[in-house]
Amino acid sequence: MKDVVVTGMGVVSPLGPNLITTWRNLKNGVSGIKPIRQIPVDALPVRIAGEISSKDVDENNGFDFDYLSRKEQRRMDRFILFAIAAADQAVRQAGLEDERAIKENTGTIIASGIGGLHIISAAAVVTATNPPSKISPFTVPGFLANLAAGQVSNRHGLKGPLGCPVTACAASAQAIGDAARIIRAGEASVMLAGGSEACISRLGILGFAAMKALSTRNDAPQQASRPFDKDRDGFVMGEGAAVLVLEERDHALARGAHILATLKGYGTSADAYHMSAPPADGEGAARAMRIALKQAGLAPQDIGYLNAHATSTPVGDQAELNAVRSVFETRASRLPISSTKSATGHLLGGAGALEAAIAIMALNEGVLPPTLNFEEADEEFSELNFIPEKAIEQHCDFVMSNASGFGGVNASLIFGR
């Protein structure tokens, strides 16, 4: 089986406009959760999110939307803007900007759980209150979920396989796993893979709030996302994007690329249980982890850190921890586990890729990021190590990152040095 390596990473997150800023803030215990500014929220039951501020609002951690012209921005939903920025960063780090000769053999898989919710919502209002001629011809290409991948492919001239998993909150983890499969099958030598999401809108907030899925700690935004904590009351929505450059190892070495990590294993599964809730025992998530371990040729005790999917919902966190116990058995109590959604919020379809990038940074720097707001675990999980509040220095050879989503989908990625 061909070795697949990571040679570039790009991130736009609530903690910063790039990977370095995001990682620095994450390991220093900074929270990216704050009151929502981009839409009116007075009448909403939830008024907080992991929102990406513009540079003029947050000079240090803000995102510079002006890397595209105003005209281009108006033609693309927010999730596409984030994906392009993250992909640009990843391409630059991988040293692929001027590699014209390999672009026919380079593909793009960028996932989104929902797609262009901002443009969809705005277009619905326009169609209800205006004549048909008022609809922009850029409406459909502005919101289609696969247009993040399409725009990145066009921008960089990437002519290999093009795709977009739309598997809810596991989408971008599956994008990475699917991209690795394409490389191993010999259909491409290089793949840009990741995900993007931007659903902080009235429709997004009200839809998830109606399901009782969101935290309502509006008066304490930075304490609202509290995975594993006994008093968790729901997830906090986040937005942003993460893109990885995956490459066949010999191809990367031949062009002198710097290898950041090896993608050792990928597992995916279905619960076949419920539309939006996992089984209490986490059986499907456990199968995904076991498949990833088998593909990697590793035993549970080889994993030195787990970036859990843990969103801060009572049912979801419990199911994942039952899965972890099932897979890791006696090792579970000694396995460092954290959920970085405590700092970033939940990026939905972009979460798996962001957390894969974070896991790779932990692998390379020997620093394991913390779970913020963790004060007391459910009694049955009190022996587990959730890396509360502060990052720890600990080197490991292999790290795992999990993702799950509505529909019962699970995905697990393992990276090695």
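Helices here are runs of at least four residues that DSSP assigns as H or I, numbered from the N terminus. One such run in this predicted model is α10, and the residue that follows α10 is G297, whose phi is positive, near 70°.

Consider the length of α10 before this glycine. Helix α10 covers residues 283-296, which makes 14 residues. The expected span is 1.5 Å times one less than the number of residues, so α10 should span 20 Å, and its end C-alpha atoms are indeed 20 Å apart.

Next comes the question of which residues of α10 are buried. They are G284, A285, A286, A288, M289, A292, L293 and A296. An α-helix has 3.6 residues a turn, so residues three or four places apart point the same way. The buried residues of α10 are covered by elements that include the strands β8 (261-270), β13 (398-405) and β14 (409-416), together with the helix α11 (314-328).

A strand gives a second example of burial. In β7, nine of the nine residues are buried. On one side of β7 these are G240, A242, L244, L246 and E248, and on the other A241, V243, V245 and E247, so that both faces are covered.

Which strands pair with β7? Strand β1 (residues 4-12) does so in the antiparallel sense, over eight bridges. Within this pairing, V4 has E248 of β7 as its bridge partner. Strand β6 (residues 190-197) also runs antiparallel to β7 and is joined to β7 by eight bridges. Here A193 has L244 of β7 as its bridge partner.Aromatic rings link other parts of the chain. The structure holds eight aromatic pairs. One of them is formed by F63 and F82, which meet edge-to-face, with 5.6 Å from centre to centre and 75° between the planes. F63 lies in the loop between β3 (48-49) and α2 (70-74), whereas F82 belongs to helix α3 (residues 78-94), so the pair ties together parts that are 19 residues apart in sequence. Both F63 and F82 are buried.

Another aromatic pair, F228 with F386, is stacked: the centres are 4.2 Å apart and the planes are at 20° to each other. F228 sits in the loop between α8 (202-210) and β7 (240-248), and F386 in the loop between β11 (367-368) and β12 (392-393); the pair therefore ties together parts that are 158 residues apart in sequence. F228 counts as buried because its relative accessible area is 1%, and F386 is buried too, at 1% relative accessibility.

Finally, F63 and F82 also belong to an aromatic cluster, together with F65 and Y67.

Note on methods:
Residues numbered from 1 in each chain as written. Predicted model: local features only at pLDDT ≥ 70, side-chain atom pairs only at ≥ 80, totals over all residues. Heavy atoms only, no water. Helix = DSSP H or I, 4+ residues; strand = E, 2+ residues; numbered from the N terminus. Buried < 20%, exposed > 50% of the residue type's maximum accessible area, 1.4 Å probe, protein only. Contact = heavy atoms within 4.5 Å. Phe/Tyr/Trp six-rings, centres within 6.5 Å; stacked < 30°, edge-to-face > 60°. Pairing = 2+ DSSP bridges.
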